[in-house]
Amino acid sequence: SVTLGLGSATFTPITINSTNNTLQGLADAINTANVGIQASVANQGQGTSPYHLVLTSANTGKLNNITFSTSLTGGTAPTTTVLQSAQDALLTLGTGTNAVQFESATNTVANALPGVTLNLLTASPSTAVTVSVQPNTTAVQGDINNFISAYNAAVDFFSTNTAYNAQTKTAAVLQGDFTTESIQSGLAGIVSSRQMRGSTVMGLSDLGITVDDSGHLSISNGTQLNNALQNNMQSVVSLFTDSTSGLGVQLNNYITNATAPNTGILGQQETYLQNQVSSLNNDLTQQKTLLTQEETNLQQQFTQMEVGLASLQSQSQYVLGSLGLSTSGMSSSLLGGSSSSSSSSSSSLS
């Protein structure tokens, strides 16, 4: 079997048999094991044994040193030669007693200079390299544009949902809602505020960013913004990203507080509306109960009226029967009887 190690880790031995007892077979078995070691067969092109198994760590750095050992019952065990020892990249900033050395497992160093990533291309210990760092104003301005777009999207939401169409006399769903107006006003107050940044009081207006009559933000003076980025980059970045008073933190805290269940202005409004719905549902249930009771009472009264009417009809039949009359006979007697009435004669003279 063959046992591989990588740094302090040792992996499960690879069994050698008739299916993999060649250099290519062993390389395939190592790659299949997927332990962070890449194996390949190289042809030197000369000598009695031109083929060699080359092992390479998938990761750089001194903690990724490869170890290789065998335990074979037959055949010839391969010999190993270290072509390149695993090591970290070393970087020295400055000279003399003030020099600071950094060590990195990769050739990318991101912690030496704040906001700067160094890509180490070649090793040249005796050669000093000068690194010039310039503010990436393009990236920062792109982030500012994204901020403006996100804020304006919120303004559009408020505008659409609080609008009133005078022609159709139709109000949007949140038109006149006090809670919505309060949140909109709070957000507008934050973006229009000015803060102390270093020794300078700064706000969006100092970056050439203005608010129009509809509440939308826009860069109205690109030159003013570029000058601020070139001459006072740190303060501009701090205006948006400061962990305690930056615009981003202020907006996030305001929205978080406003939407907090039970305590936030939006949460309180939601609770109020839910209570209103519950109250209306209770009233509806009570009204349904009263209507059901009223329906029952009316049905009972109607039943009593029918019973009373039937009793009256029965009594009427009894009285008429006692008089030897019927309801139909009585009508006939009154209209077609043989009795006559006296009358006075009259004549006409001509």
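Start by selecting α3 and α6: their axes come within 10 Å and cross at roughly 165 degrees. Bear in mind as you click around that this is a predicted model. An angle over 145 degrees counts as roughly antiparallel, and α3 and α6 are therefore roughly antiparallel to each other. Look at how the pair is arranged and you'll find that α3 passes α6 in a right-handed crossing.

Now show side chains where the two helices touch. On the α3 side, pick Ser182, Ile183, Gly186, Leu187, Ile190 and Val191. On the α6 side, pick Leu247, Gln250, Leu251, Tyr254 and Ile255. Colour that α3 and α6 contact by class and you get 8 nonpolar residues, 3 polar ones and no charged ones.

Next stop: α2 and α5. Here the axes come within 12 Å and cross at roughly 25 degrees. Angles under 35 degrees count as roughly parallel, so α2 and α5 are roughly parallel to each other. This time the crossing of α2 past α5 is left-handed. To see the contact, select Thr137, Val140, Ile144 and Phe147 on α2, then Met233, Val236 and Phe240 on α5. The class count for α2 with α5 is 6 nonpolar, 1 polar and no charged.

Keep Ile144 selected and ask what it touches beyond residues up to four places away in sequence. Isoleucine 144 is in contact with Ile209, Leu225, Leu229, Val236 and Phe240.

Zoom out to the largest nonpolar core, which has 25 residues. Those with the most contacts inside it are Ile144, Phe147, Leu204, Leu207, Val236 and Phe240, so highlight them together. The elements giving two or more residues to this core are α2 (137-161), α3 (178-191), α4 (222-231), α5 (233-241) and α6 (247-258). Which of them gives the largest share? That's α2, with 7 residues.

There's also a second, separate core, this one of 11 residues, and it includes Leu6, Ile14, Ala27 and Ala29.

Two of those names lead to the last stop, helix α1, at residues 23-33. Its buried residues are Gly25, Leu26, Ala27, Ala29 and Ile30. What covers them? Turn on the strands: the cover includes β1 (2-6), β3 (37-43), β4 (51-57) and β5 (66-70). Finally, step just past the end of α1 to asparagine 34, where phi is positive, near 55 degrees.

Notes:
Residues numbered from 1 in each chain as written. Predicted model: local features only at pLDDT ≥ 70, side-chain atom pairs only at ≥ 80, totals over all residues. Heavy atoms only, no water. Buried < 20%, exposed > 50% of the residue type's maximum accessible area, 1.4 Å probe, protein only. Helix = DSSP H or I, 4+ residues; strand = E, 2+ residues; numbered from the N terminus. Contact = heavy atoms within 4.5 Å. Core = buried A, V, L, I, M, F, W, Y, C linked by side-chain atoms within 4.5 Å. Axes fitted to C-alpha atoms, helices over the stretch in contact; angles between N-to-C directions. Parallel < 35°, antiparallel > 145°, perpendicular 65-115°, else oblique. Left-handed = near helix turned anticlockwise from the far one by under 90°. Nonpolar A, V, L, I, M, F, W, Y, C, P; charged D, E, K, R; others polar.
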